[in-house]
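Here are my notes on the model you sent. They go point by point, with the structure shown first.

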Amino acid sequence: LGFNLHENLSKELDSKMIDYRRLTCRTAAVDGALSGRKHNSRKVLPSSTMEWVDNDIVIGSVQTGSEKDIAQVHPKKLCEQMWKYSASKGIKLKIGKVVRAILKEEVQEDENEEIEA
């Protein structure tokens, strides 16, 4: 559900505005004791595949996802675009704080407005 929802939102909110992108994912096993030294174990990946890890300490890796099932958005940009979209439909954001919970059906409106949750 979440994957499809984010893909649909990227189309509706403009994927460039929320930094939506498809990704591949790998899990890597590393040996920190090898840091700064070369090791003789068989390299599983070319160094350009996992730029986030020093390839000299990688002792194995497995692809755990592809662009068919992994994507990413920028959370802040997604929230901002969702608020812009909501505002364009007449939705208003009311900022406040919860001071107590009242369990009842009706809602009173005054300066200490109670909002049904």
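Leaving aside its neighbours within four places in sequence, which residues is Glu7 in contact with? Point 1 takes this up.

1. **Glu7.** Beyond its neighbours within four places in sequence, Glu7 is in contact with Tyr20 and Arg22. Please bear in mind that this is a predicted model. Glu7 sits in helix α1. Its C-alpha atom is separated by 8.2 Å from that of Ala71. Along the chain, Glu7 and Ala71 are 64 residues apart.

2. **Overall layout.** The protein has two helices and four strands. Read from the N terminus, the order of elements is α-β-β-β-β-α. There are 117 residues, and 21% of them are buried. The protein exposes about 9,700 Å². Carbon and sulfur atoms supply 53% of that exposed area. Now take the contacts with a separation of 6 or more. Residues 24 or more positions apart account for 61% of these contacts.

3. **The helix pair: geometry.** Two packed helices are described by the angle between their axes and the distance between the axes. Helix α1 covers residues 2–13, and helix α2 covers residues 75–88. Their axes come within 11 Å. They cross at roughly 60 degrees. Angles of 65 to 115 degrees count as roughly perpendicular, and those under 35 as roughly parallel. The pair α1 and α2 is therefore oblique. The crossing is left-handed.

4. **The helix pair: contacts.** Which residues of α1 meet α2? They are His6, Leu9, Glu12 and Leu13. On the α2 side, the partners are Leu78, Gln81, Met82 and Tyr85. By class, this contact has five nonpolar residues, two polar and one charged.

5. **Ser10.** This is another residue of helix α1. Is Ser10 buried or exposed? Its relative accessible area is 5%. The cut-off for buried is under 20%, so Ser10 is buried. Setting aside neighbours within four places in sequence, Ser10 is in contact with Ser15, Ile18 and Tyr20. Tyr20 is also in contact with Glu7.

6. **The loop between α1 and β1.** Two residues here deserve a look at their backbone angles. Asp14 lies in this loop, and so does Asp19. Phi of Asp14 is near 80 degrees. Phi of Asp19 is near 55 degrees. Each value is positive, in a residue other than glycine. Asp14 is partly exposed, at 37% relative accessible area. Asp19 also counts as partly exposed, at 31% relative accessibility.

7. **Leu23.** Where does Leu23 lie? It is found in the loop between β1 and β2. β1 spans residues 21–22. Leu23 and Ser66 are 43 residues apart in sequence. In space they are 6.1 Å apart, C-alpha to C-alpha. Not counting residues up to four places away in sequence, Leu23 touches Ser66, Glu67, Ile70, Ala71 and Gln72. Ala71 also appears in point 1, where its C-alpha distance to Glu7 is given as 8.2 Å.

8. **Asp31.** The loop between β2 and β3 holds Asp31. β2 covers residues 25–30, and β3 covers 58–65. Asp31 has a relative accessible area of 29%. The partly exposed class runs between 20% and 50%, so Asp31 is partly exposed. Asp31 and Asp56 are 25 residues apart in sequence. Their C-alpha atoms are 9.1 Å apart in space. Which residues does Asp31 touch, not counting those up to four places away in sequence? Ile57 and Ile59.

9. **Trp52.** Trp52 is found in the loop between β2 and β3, where Asp31 is found too. Is Trp52 buried or exposed? Its relative accessible area is 57%. Exposed means over 50%, so Trp52 is exposed. Not counting residues up to four places away in sequence, Trp52 touches Arg26 and Ala28.

Technical notes: Residues are numbered from 1 along each chain as its sequence is written. This is a predicted model: local features need pLDDT of at least 70, side-chain atom pairs count only at pLDDT 80 or more; totals for chains, interfaces and linings use all residues. Side-chain values use heavy atoms; hydrogens and water are left out. Axes are lines fitted to C-alpha atoms, for helices over the stretch in contact, and angles run from 0 to 180 degrees between N-to-C directions. Angles under 35 degrees count as roughly parallel, over 145 as roughly antiparallel, 65 to 115 as roughly perpendicular and the rest as oblique. A crossing is left-handed if the near helix is turned anticlockwise from the far one by less than a right angle, and right-handed if clockwise. Contact means heavy atoms within 4.5 Å. Ala, Val, Leu, Ile, Met, Phe, Trp, Tyr, Cys and Pro count as nonpolar, Asp, Glu, Lys and Arg as charged, and the others, Gly among them, as polar. Buried means under 20% relative accessible area, exposed over 50%, partly exposed in between (1.4 Å probe, protein chains only). Accessible areas come from the Shrake-Rupley method with a 1.4 Å probe; for residues, only the protein chains shown count as cover.
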